[in-house]
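Reader: I should like to learn how to read a model of this kind. May we go through it feature by feature?

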There are 2 protein chains.
Amino acid sequence: MRSAGAPRFRRRKADRPGEIVAAALAAFAEKGFAAARLEEIAARAGVSKGALYLYFATKQDLFRAVVEQAIAPNMEVVRAMIAAHPGPFSELLRLVPERIATLLETLPVGGVLKMVIGEAGNFPELARVWHDRLVAHALGALCDAVAAAQARGEVKAGDPRTYALQLVSPLLISVIWRETFEPVGAAAFDVQAVARQHMQTMLSGMLTQEAPP
Amino acid sequence: MRSAGAPRFRRRKADRPGEIVAAALAAFAEKGFAAARLEEIAARAGVSKGALYLYFATKQDLFRAVVEQAIAPNMEVVRAMIAAHPGPFSELLRLVPERIATLLETLPVGGVLKMVIGEAGNFPELARVWHDRLVAHALGALCDAVAAAQARGEVKAGDPRTYALQLVSPLLISVIWRETFEPVGAAAFDVQAVARQHMQTMLSGMLTQEAPP
DNA sequence: CAGGTAACTGACCGGTCAGTCAGTAATACG
DNA sequence: CGTATTACTGACTGACCGGTCAGTTACCTG
């Protein structure tokens, strides 16, 4: 006995997985793995809890899918970054950080980062996926760029992997800061501004001679 | 009917809270708030679960106490850092990072950091305590030192708060890296080495003139 | 417009765990 | 030594939540 024309649900097998993963990403990023409720994820995705299990075997499986999805677009970014700048190191440093900063502000990297850090202890294989498929690639690429610049005599001696770490750390901490302390009333860091100043500092700290203007 | 001289437990009201908090710190740092079991914390502290409730009203209360305790020794570190180096900025930068690195390796800062980042969304008031009582002080002190050095003409123009962020970020990321990716087989960063190289880079990046040897 | 298929629902189950409390035993004290 | 006090124990409870499944309903096909 239901009013005509308003079906209780629609059958949309193709779209469900994506919608569910998107809802799960939001929930996990907000609350972390353990505290996120499947019931709530289902509600956000506009389905019942049971429907989740038509597409994902377990909560961990869903988490895995979320991490995978959160990786894919970022990987593309990394690849693009490498491909675009074979030129002199000073030029790379001038362009890349701002681009990264923009992406960190656009994609929900902060939430995912928080999640990976927070749950790494309990779900090591997810930390492994995140590391092997994304972090290692990105760091490796940056590392190679630094090493190449050193070989060309542009950059001072020093461990290239550590240089890579130095380059990205303030941006990552800015994002973590935003997720952790801003909701609590702490003053924000403007990721763009941090990127600019850090680039400036690192340029004059790493280069063997003053960069051309 | 129990063998003589071996009491089932001792009454040690004074020592219990400290022991329980220490056990809880270890458990929370290892597993995070939600995944840590009160039963296990009690066992580590050598008491039954019921005993926890003689000293702490709820699990959250215990978490609060852990955060508070984890703050205290670090606060002392911050104060010492400020007090010890009114001298020229280059000298401060030469000594402080290595000292910080040592402390990051000694105290269980990594676990606590992970915990605060991971649970900030679910327990905002704890992030607030951590920020107001520790992070803000530390960052503020470093910020003041930078600003003073700028006033003396030692350090280039730029936002001092951002400079402070740049200075500490790689060390923090190193520690987070250790907690997150090393257990999964990722290559480690030697925090000491990172501290040395970063100090070097930042020195020549921030100072208005080459530092005296 | 049947009849069949499978996407979807939602009440339910079993396990887990924070929190309780009646009882027990260690100590303080007279 | 006896007795009062209270730190402490551990079996228990109630709520919650991941996961299940019998039933329901949208949609497809002839």
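**Contacts with the DNA strands**

Author: Please keep in mind that this is a predicted model. We may begin with one contact: a phosphate oxygen of DNA strand D lies 3.1 Å from a polar side-chain atom of B:R8.

Reader: Which atoms of B:R10 and B:R12 lie close to a phosphate oxygen of DNA strand D?

Author: For B:R10, a polar backbone atom is 3.1 Å from a phosphate oxygen of DNA strand D. For B:R12, a backbone N or O atom lies 2.7 Å from a phosphate oxygen of that strand. Among elements, α3 (49–55) of chain A and α3 (49–55) of chain B give two or more residues to the surface near DNA strand D. The largest share, four residues, comes from α3(B).

Reader: How many residues surround DNA strand D, and which are the closest?

Author: There are 25, and the closest are A:R11, A:K49, B:R12, B:R16 and B:Y55. Of the atoms of DNA strand D that come within 4 Å of the protein, 71% belong to sugar and phosphate. The surface near this strand has twelve charged, ten nonpolar and three polar residues.

Reader: What residues come nearest to DNA strand C?

Author: Of the 25 residues around DNA strand C, the nearest are A:R12, A:S48, A:Y55, B:R11 and B:K49. Here sugar or phosphate makes up 67% of the strand's atoms within 4 Å of the protein, and bases the rest. The most residues on this surface, four, come from α3(A). Contacts to phosphate oxygens of DNA strand C include a polar side-chain atom of B:R37 at 2.9 Å and a backbone N or O atom of B:L38 at 3.2 Å.

Reader: How are the two protein chains related?

Author: In general, a rotation about an axis and a shift along it relate two copies of a chain. In this case, a turn of 179° and a shift of 0.0 Å along the axis lay chain B on chain A with an RMSD of 0.2 Å. The two copies are thus related as by a two-fold rotation axis. The copies meet through the same surface, because 100% of the interface residues of chain B are also interface residues in chain A.

Reader: Where is the largest pocket, and which residues line it?

Author: Empty space is found by rolling a probe the size of a water molecule over the atoms. The largest pocket holds about 280 Å³ of space. Its lining includes B:F9, B:R10, B:R12, B:G46 and B:Y55, and α3(B) gives the largest share, three residues. Five lining residues are nonpolar, five charged and two polar.

How values were computed
Residues are numbered from 1 along each chain as its sequence is written. Chains are lettered from A and ligands numbered from 1 in the order in which they are written. This is a predicted model: local features need pLDDT of at least 70, side-chain atom pairs count only at pLDDT 80 or more; totals for chains, interfaces and linings use all residues. Side-chain values use heavy atoms; hydrogens and water are left out. A residue is near a molecule or strand if one of its heavy atoms lies within 4 Å of it. A polar contact is a pair of N or O atoms within 3.5 Å; within protein, one must be able to donate a hydrogen and the other to accept it, and residues adjacent in sequence count only if both atoms are side-chain atoms. Ala, Val, Leu, Ile, Met, Phe, Trp, Tyr, Cys and Pro count as nonpolar, Asp, Glu, Lys and Arg as charged, and the others, Gly among them, as polar. On a 1 Å grid over the protein atoms alone, a cavity is a set of points where a 1.4 Å probe fits but cannot get out, and a pocket is an open set with protein on both sides within 12 Å along at least five of seven lines; lining residues have an atom within 4 Å of a point. Grid points are joined across faces, edges and corners, and a volume is the space filled by probe spheres set on the points. Copies are superposed by least squares on the C-alpha atoms of residues with pLDDT of at least 70 in both. Contact means heavy atoms within 4.5 Å.
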